[in-house]
Amino acid sequence: MTGRLIIASNRTASPGEPKVGGLAVAIWEALSERGGGVWFGWSGETLERETRGVRLFAEDNVDFALADLTEAEYEGYYLGYANRALWPVFHYRVDLAHFDETEFATYEEVNRRFGRLLAQFTRPDDTVWVHDYHFLLMGQEMRTSGWEGPMGFFLHIPFPAPEIFTSLPQHRRIARALCAFDLIGFQTERDRANFERYLVEIDQASSSSDGTISAFGRTLRTKAFPIGIDADEIVNLANSEEGRSAASRLGRIIDQRALVLGVDRMDYSKGLPQRMHAFGRMLDENEHIRGRVSFLQIAPPSREDVDTYQDLRIELDQVTGRINGDHGDLDWVPIRYLARGYPRGMLSGLYRLARVGLVTPLYDGMNLVAKEFVAAQDPEDPGTLVLSEFAGAAEQLQGAIFVNPHDIAATADAIQQGINMPLEERIERWKSMDAAVRAQSIAWWRRAFLDELESLGKPAPDTEVES
Ligand code: GDG
């Protein structure tokens, strides 16, 4: 590709500041590598009244184009339709979804306004890559604004089964808008197949075995691109001063006890209360482990303005207090639950210290914590990973101990198995997982997506072109 890369995501990295986290770094590198590009998104600012246009910041050869939201847009688009309707439905929690026409109208309006703003930046030889569930309608708005060039979309969260997706009153509107893209990337084959099945069964689309689908008068490609991490970055962080000192600080407190570790945004999709119950049950059933294990759950609060997240906070406080009250002793606190975030270096050091990584979402697009945990391990004495079969990462991390996170008894058993696993088996399982994490890294992910998008405009290598 010769032209610029134009990326749209709800939040961008901060211009002029270090790019922290796998996704931010991957996008930044993709933009810089192309010798120029634009990263477009919400500024993070909310204003009482709408300001037209965007603010531009240049950093090296990348332009940041940031648009503000009004307070009403933040409420209806971000807290409302994106996080009270799309997020729960796409994570199979129709019971938690709140369907509100006005919020959808605001979501549509923000996608329209942002799509038009973005279209103004494009030049004919550019390539556009839109990210995630905040911008499901943006492709169509771009096409309406006259953009005819290559345009891809990547969905970071699961795409639900059609029987669930159709609970959204606007499902057809969303599907039609998605078909404006040339390539739609999903985390897993599970998600891709769900989308295809929806289009074929509900919208009479036709599909072929290479993931090409014809629907709503357009032809597009669908494919799974499991997002990855930079494993060496995590190894370096785990071995850094910050990583080591976090591990020794915690190591002093937990003494010789085995560390079971969970790190998750505080979100109901992550299965946190179920995990606490499973840990409690494991203690109930394994008297010899009591006092010899310590469970640390790091759970930085997120989306605190959404009421279901406030309910989760209350539930977690109660469950943890209850288990500690029932099982703790003068010199032992079974669960240390910290409702705050820590720097990546510290997290990486703690991953390496842990005997068991507990990653048990009820549903998850990928789950990068599982991959970071694997990357951070000491190859000579690796910890074990207890992983939900409903995390996208389960397709790749075959060396994990798999659990159905709703099955408290089975999860309790898996934690016990993880704590007691012999070294030889731990090494064997870890090797296969580390190889998988390294094979499909974050650099692989962005290149694979962009290569696929680029290839769509060109004739297949074996196609004879008539002169
Ligand atoms: C969405 C999808 C998909 C966590 N606590 C702290 C912290 N983190 C970092 C982790 C990891 C990231 O946040 C979380 O990524 P996940 O993938 O686990 O989950 P979501 O936030 O739900 O992400 C998910 C992902 O998008 C990418 O496509 O995998 O399925 O839901 O990197 O390390 N980082 C810091 N302090 C913390 O306390 N610095």
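**Chat about the ligand site**

Trainee: Which side chain has a polar atom 3.0 Å from a ligand oxygen atom?
Mentor: That's Lys 270, through a polar side-chain atom; a polar contact here is a pair of N or O atoms within 3.5 Å. This is a predicted model, where local features need pLDDT of at least 70, side-chain atom pairs count only at pLDDT 80 or more, and totals for chains, interfaces and linings use all residues. Residues are numbered from 1 along each chain as its sequence is written, and side-chain values use heavy atoms, leaving out hydrogens and water.

Trainee: And which backbones come in?
Mentor: A backbone N or O atom of Tyr 342 is 2.4 Å from a ligand nitrogen atom, and one of Met 366 is 2.8 Å from a ligand oxygen atom.

Trainee: Which residues come nearest to the ligand?
Mentor: His 156, Tyr 342, Asp 364, Leu 368 and Glu 372, out of 20 around the ligand (a heavy atom within 4 Å).

Trainee: New topic: what's the chemical mix of that shell?
Mentor: The shell has 10 nonpolar, five polar and five charged residues, with Tyr counted as nonpolar and Gly as polar.

Technical notes: A polar contact is a pair of N or O atoms within 3.5 Å; within protein, one must be able to donate a hydrogen and the other to accept it, and residues adjacent in sequence count only if both atoms are side-chain atoms.
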